[in-house]
Amino acid sequence: MDRIVFATGNQGKMREIREILGDLGMEVCSMKEAGISIDIEENGQTYEENAMIKARAVAAQVQALVLADDSGLEVDYLGGEPGIYSARYLGEDTSYRIKNADLIKRLEGVPDEKRTARFVCAIGAVLPDGRELTTRAAIEGRIGYEERGAGGFGYDPIFYVPEMGKSTAELTEEEKNLVSHRGKALRLMKEELRKYENIDRK
Ligand code: IMP
C-alpha cells in the first residue's frame with residue numbers, strides 16, 4: 001500500500017495534511033485527485049462518527065488507506081454549541097462574518113473567564129484490510145470581543161488563544177499547524193499508523 005486518500009475537497013486542509021503526513025513516505029491525495037466525487041451525508045452524533053462516515057464512504061470506492069476529518073467549535077457558555085453543527089450553524093451558506101458576529105452577540109456581557117471554547121478535531125482511518133482507527137485532539141481558547149486577524153478560515157478570527165496573545169486568524173499557517181486541533185489529531189494518527197506493518201515505508 002503506498003497511497004493515502006484524504007476525504008476532503010478543501011485545498012487548504014490538503015496542504016496541511018501533506019506537510020504533516022509527508023514523512024510516512026506515501027503519496028497523499030485528495031478525494032478529487034483519486035477520481036472520487038460523492039456526496040456524503042454527515043449525520044453522525046460525534047466528530048468521530050462523522051469522520052468515520054466520510055472515511056468509510058470513500059474507502060468503499062478505492063483500494064487505499066483512507067483518512068477523513070471532522071471538526072468544530074465548542075463554546076462552553078453556549079453548552080458546547082455549535083459543536084458538530086459548526087459548518088451548518090445559521091445555515092451552510094451563511095458567511096462567517098455573520099456567524100462570528102452572532103456568537104459574539106450571544107456572549108455579550110459574558111466575562112473573560114466564562115468565554116472558554118475549543119476547536120476539536122477527530123481523524124478517522126479505514127485501512128485497506130478494513131481495520132478502523134480514530135484520534136481526537138483539541139485547542140483551548142476563548143471567544144473574543146471582535147474579529148481579529150485575516151488568516152485561517154471559519155471561526156478563526158473570534159478564537160483567541162491566551163498563551164499566544166493572538167487569535168488563530170493571526171497565526172501563520174505554520175504556527176497554526178503546530179498548535180491546532182487538526183494538526184495535533186493528524187500527528188496522533190500518524191503515530192497510530194506507524195504501528196501498523198507496511199505502512200511506514202521509510
Ligand atoms: P469540517 O470538519 O471541515 O466539517 O469543519 C467544520 C466546521 O468547523 C468548519 O466549517 C468551521 O466552521 C469550523 N472549524 C473547524 N476547524 C476550524 C479552524 O481551524 N478554524 C476555524 N473554524 C474551524
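**Entry 1. Ligand site**

I started at the ligand and looked up Y96: a polar side-chain atom of Y96 lies 2.5 Å from an oxygen atom of the ligand. I note here that the model is predicted. Next I checked K176, where a polar side-chain atom sits 2.7 Å from a ligand oxygen. K13 came next. An N or O atom in the K13 side chain is 2.6 Å from an oxygen atom of the ligand. I then listed the surroundings: 15 residues lie around the ligand, and K13, S71, Y96, D156 and K176 come nearest.

**Entry 2. Helix α1**

K13 led me to α1, which spans residues 11-21. Which residues of α1 are buried? I found K13, M14, E16, I17, I20 and L21. They sit on the same side of α1, because they cover an arc of only 165° around the axis. The general rule is that an α-helix has 3.6 residues a turn, so residues three or four places apart point the same way. I then asked what the buried residues of α1 pack against. The partners are β1, β2 (27-30), β3, α4 (173-179) and α5. I also looked at the start of the helix. There, a side-chain oxygen of N10 comes to within 2.9 Å of the backbone nitrogen of K13.

**Entry 3. Cores**

I turned to the nonpolar interior. The largest nonpolar core has 22 residues, and L21, L65, L67, I123 and L193 have the most contacts inside it. Six elements each supply at least two residues of this core: β1 (3-6), α1, β3 (65-75), β5, β6 and α5 (181-194). I followed L21 outward. Beyond its neighbours within four places in sequence, L21 is in contact with I4, V28, L67, L186 and K190. A second, separate core has 16 residues, among them L107, A117, I143 and I158. As background, nonpolar side chains in soluble globular proteins tend to be buried together.

**Entry 4. Strands β5, β6 and β7**

I traced the pairing from β5 onward. Strands β5 (residues 116-126) and β6 (residues 132-143) run antiparallel and are joined by 11 bridges. I picked out one pair: G124 has T134 of β6 as its bridge partner. The hairpin of β5 and β6 has 5 residues between the strands, and G130 there takes a positive phi near 95°. On to the next pairing. β6 and β7 are also antiparallel, over 2 bridges. Here I143 is bridged to F159 of β7. I143 is one of the residues of the second core.

**Entry 5. V161**

I stayed on β7 (residues 159-161), where V161 lies. Is V161 buried or exposed? V161 counts as buried, because its relative accessibility is 2%, under the 20% cut-off. Leaving out residues up to four places away in sequence, V161 touches I139, E140, K166, S167 and T168. I also took one long distance. The C-alpha atoms of V161 and R194 are separated by 31 Å, and the two residues are 33 places apart along the chain.

**Entry 6. N100**

Last, I went to helix α3 (residues 96-106), which holds N100. N100 counts as buried because its relative accessibility is 0%. What does the side chain of N100 meet in a polar contact? I found the side chain of E147, at 2.9 Å. E147 also appears among the residues that N100 touches, with G154, Y155, P157 and I158, once residues up to four places away in sequence are set aside. I158 had come up before, in the second core.

Definitions and conventions
Residues numbered from 1 in each chain as written. Predicted model: local features only at pLDDT ≥ 70, side-chain atom pairs only at ≥ 80, totals over all residues. Heavy atoms only, no water. Helix = DSSP H or I, 4+ residues; strand = E, 2+ residues; numbered from the N terminus. Buried < 20%, exposed > 50% of the residue type's maximum accessible area, 1.4 Å probe, protein only. Contact = heavy atoms within 4.5 Å. Polar contact = N/O pair within 3.5 Å; in protein donor to acceptor, adjacent residues only side chain to side chain. Pairing = 2+ DSSP bridges. Core = buried A, V, L, I, M, F, W, Y, C linked by side-chain atoms within 4.5 Å. Arc of directions from axis to C-beta. Near = heavy atom within 4 Å.
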